[in-house]
Amino acid sequence: YLREVRKHIHIFDLAGKKSLQLTSGPFDDSEPAWSPDGQRIAFVSNRSLPDPDANQDSEIFVVDAREGAVPRAVSRSAGSDAAPAFSPDGRWIAYVAGGDPKDMWYGASHLALVSPTVDARDALTASLDRNILSPRFSKDGRFVYFLLEESGSQPLARVPVGGGPVERVVAGPRDVQAFDLGPQGEVVVLETSPQQPAEVSKLGADGALSRVTRVNDAFLKGIRLGEVRRFKARSADGTEIDGFLTLPPDFKPGEKRPAILRIHGGPAMQYSSAFEFQWQALAAGGYAVIASNPRGSTGYGTAFSRAIWADWGNKDFEDVIGAVDHVIGLGIADPERLGVGGWSYGGMLTDYVITKTGRFKAAVSGASEANYLATYGTDHYQYEWETELGLPWKTTDLWLRLSPWFQVEKVTPPTQLLCGDAAQ
């Protein structure tokens, strides 16, 4: 915000060892994607006037790969568009279309197609109501593959270019973190599950995965992992919440263990069926680790995520407490030995937890913000603060009510605050 330093698209001539800058102006350009014939580049930019920093209206642009070419917008939607990918014949660009701006990061994205040459668009997953990531065309151009945030997992999915039902190609209790497609329809994925750090696997004709890499096998042989169990819990108002329970490696049925509630950041993200090193590290110390996807999380639809709009530390507090009570009810978590902690919004929700209940004996609040009036104007979330809470001098009562700092006298557990002012 303080310097006129911008990111632009350049191409580099490998033979001539020369660089050509294709885009310019008071804008930031990113995510370049070549057309199959090498004549054009699609990219992402917010070029709204008079001040692109005041909104998140990014669009997909196309520019010819030659000096003096003028970029032109092709997506033209109100949300934040991203991740362009050309079809093999160059007729279409698949991209991630942002949700309604009024929902901000709580709104689900969807997969869309746009023509780089004519005014034609098509939304392929608008009714899915789940975030999609990393679209890519199949080599024959018949399908668009993408990653899908869905109910505590991240499958690889695809949809026909002409529209139709979404097919989960690689599903189950795992996270597909990346993927690639071969010329004969081969599919390889970088996948992780609760007992396996990320490894590359190949999808067989029968739909089964076979491991290609074994980077972590030696590491895993030297340690014991705790079992990770999925569970469903009920919040105070009856809302069903997804949860994850990591047990100590030496856990025996019938034991009660000290338990730690871990809260994810965002709030618009999800815990999933991925390998979570921190859960395992805490479980190795003898703790039962409780994690959940409270309201505000993604993966469960826009309404579920938007339920905490300008009402933080209320429904989501009840949801994470519901997860804790569920594990206590299983006879696993000792209600007299509970800890809580999280990072970013996970730290903020930790702050709400310790101002609303004295049940926890210790807390760790990482990278949280407690006095929101002090935060405004000093972090990089000015747009988000103003969109959700309004200007602090106009909606002061809301800012004060939501700031945990003004309830600090209610905090009873010793609390460690983690922060930093420099990246290492």
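This section describes a sheet, the nonpolar cores, the largest pocket and one helical residue in a predicted model.

Seven strands are arranged in an open sheet with mixed pairing, and their order across the sheet is β19-β20-β22-β21-β23-β24-β25. The edges are formed by β19, spanning residues 228–234, and by β25, spanning residues 415–418, each of which pairs on one side only. From one strand to the next, the twist averages 25°. Towards the β25 edge, strand β24 (residues 362–366) runs parallel to β25 and is joined to it by four bridges, and within this part of the sheet S365 stands opposite L417 of β25. Helix α5, which comprises residues 345–356, lies across β21 (257–263), β23 (333–343), β24 and β25, and its direction makes an angle of about 140° with that of β23.

In soluble globular proteins, nonpolar side chains tend to be buried together. In the present model the largest nonpolar core contains 41 residues, of which I290 and W312 touch the most other members. At least two residues of this core are supplied by each of β19, β21, β22 (288–293), α4 (315–329), β23, α5, α7 (382–389) and α8 (396–402). When residues up to four places away in sequence are not counted, I290 touches F231, F244, L245, A259, I260, L261, R262, A323, V324, V327 and A333. Another core, of 15 residues, lies apart from the largest one and has A94, L111, F146 and V159 among its members.

The largest pocket encloses about 1300 Å³ of space. Its lining is made up of 47 residues, and those closest to the centre of the pocket are N55, Q56, S58, S80 and E384. Two or more lining residues are given by each of β3 (29–34), β4 (40–45), β7 (82–86), β11 (132–137) and α7. Helix α7 thus appears both among the elements that supply the largest nonpolar core and among those that line the largest pocket.

Helix α4, which likewise supplies at least two residues of the largest core, also holds D325. This residue has a relative accessibility of 36% and therefore counts as partly exposed, a class that falls between buried, under 20%, and exposed, over 50%. Along the chain D325 and R130 are 195 residues apart, and their C-alpha atoms are separated by 28 Å.

Notes: Residues are numbered from 1 along each chain as its sequence is written. This is a predicted model: local features need pLDDT of at least 70, side-chain atom pairs count only at pLDDT 80 or more; totals for chains, interfaces and linings use all residues. Side-chain values use heavy atoms; hydrogens and water are left out. Two strands pair if DSSP finds at least two bridges between them. Axes are lines fitted to C-alpha atoms, for helices over the stretch in contact, and angles run from 0 to 180 degrees between N-to-C directions. Contact means heavy atoms within 4.5 Å. A nonpolar core is a set of buried Ala, Val, Leu, Ile, Met, Phe, Trp, Tyr and Cys residues joined through side-chain atoms within 4.5 Å. Buried means under 20% relative accessible area, exposed over 50%, partly exposed in between (1.4 Å probe, protein chains only). On a 1 Å grid over the protein atoms alone, a cavity is a set of points where a 1.4 Å probe fits but cannot get out, and a pocket is an open set with protein on both sides within 12 Å along at least five of seven lines; lining residues have an atom within 4 Å of a point. Grid points are joined across faces, edges and corners, and a volume is the space filled by probe spheres set on the points.
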